[in-house]
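Here is a short report for a reader who is new to this structure. Please look at the sequence and the model, then read on.

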Amino acid sequence: MAKMINTKYGYVTPQEAEMDAHLDRWYKDKKRRANKHGAFSLEKKRRKQHAKDKKMPLS
């Protein structure tokens, strides 16, 4: 039986721990890139909505 390692996900095999670390790094990089390009920017959405309101004023 393989030696079990205690990780933040519980006890896993060394191969599973390596895969989890790889996925964590990949997810962190994707999230950083998305934030860099403003994918999760609420301020950007507010500016767009504000611009739409100015173009079409409510009567």
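## The helix α1

What distance should the 23 residues of helix α1 span, and how far apart are its end C-alpha atoms? The model is predicted. In it, helix α1 covers residues 14–36. At 1.5 Å a residue, the expected span is 33 Å. The end C-alpha atoms are 33 Å apart, so the two values agree.

What follows the helix is a residue with a positive phi. G38 sits just after α1, and its phi is about 80°.

## Overall layout

The protein chain has two helices and two strands. Read from the N terminus, the order of elements is β-β-α-α. The chain holds 59 residues, and buried residues make up 8% of them. Its accessible surface comes to about 6000 Å². Carbon and sulfur atoms account for 58% of that surface.

## Confidence

How confident is the prediction, on average, across the protein chain? The mean pLDDT is 79. A score of at least 70 is reached by 64% of the residues.

Confidence varies along the chain. It is highest in β2, at 94. It is lowest in helix α2, residues 42–55, where the mean is 59.

## Salt bridges

Side chains of opposite charge can pair when their charged atoms come close. How many salt bridges does a search of the whole structure find? The search finds three.

One of the salt bridges joins D24 and K8. Their closest N and O atoms are 3.5 Å apart. D24 lies in helix α1, while K8 lies in the loop between β1 and β2, so the pair ties together parts that are 16 residues apart in sequence. The two partners also fall into separate exposure classes. D24 has a relative accessibility of 29%, so it counts as partly exposed. K8 stands at 68%, so it counts as exposed. Beyond residues up to four places away in sequence, D24 touches K8 and Y9.

## A network within α1

Which residues do shared salt-bridge partners join into one network? Start with R32 and D29, whose side chains meet in a salt bridge at 2.6 Å, N to O. These two are three residues apart in helix α1, so about one helical turn separates them.

R33 also forms a salt bridge with D29, at 3.2 Å, N to O. Here the partners are four residues apart in helix α1, so about one helical turn separates R33 from D29. Salt bridges that share partners thus join D29, R32 and R33 into one network.

How exposed are the members? R32 is partly exposed, with a relative accessible area of 47%. R33 is partly exposed too, at 47%. D29 has a relative accessible area of 26%, and is also partly exposed.

## Strand β1 and its contacts

I5 lies in strand β1. Its relative accessibility is 33%, so it counts as partly exposed. Which residues does I5 contact, leaving aside neighbours within four places in sequence? They are G10, Y11, V12 and P14. I5 and A17 are 12 residues apart along the chain, and their C-alpha atoms are separated by 7.5 Å.

N6 is also placed in strand β1. Is N6 buried or exposed? N6 is exposed, with a relative accessible area of 53%. N6 and A17 are 11 residues apart in sequence. In space they are 8.8 Å apart, C-alpha to C-alpha.

## A nonpolar surface patch

Which residues form a nonpolar patch on the surface? They are M1, M4 and Y11. Together they have about 460 Å² of accessible area.

M4 is found in the segment before β1, which spans residues 5–7. M4 is partly exposed, with a relative accessible area of 37%. Y11, another member of the patch, is also one of the residues in contact with I5.

Terms used. Residues are numbered from 1 along each chain as its sequence is written. Side-chain values use heavy atoms; hydrogens and water are left out. The expected span of a helix is 1.5 Å times one less than its number of residues. Patches are made of residues with over 30% relative accessible area and no salt bridge: like charges are joined within 9 Å, nonpolar side chains (Val, Leu, Ile, Met, Phe, Trp, Tyr) within 5 Å. Accessible areas come from the Shrake-Rupley method with a 1.4 Å probe; for residues, only the protein chains shown count as cover. A salt bridge is a side-chain nitrogen of Lys or Arg within 4 Å of a carboxyl oxygen of Asp or Glu. Buried means under 20% relative accessible area, exposed over 50%, partly exposed in between (1.4 Å probe, protein chains only). pLDDT is the predictor's confidence in each residue, from 0 to 100. Contact means heavy atoms within 4.5 Å.
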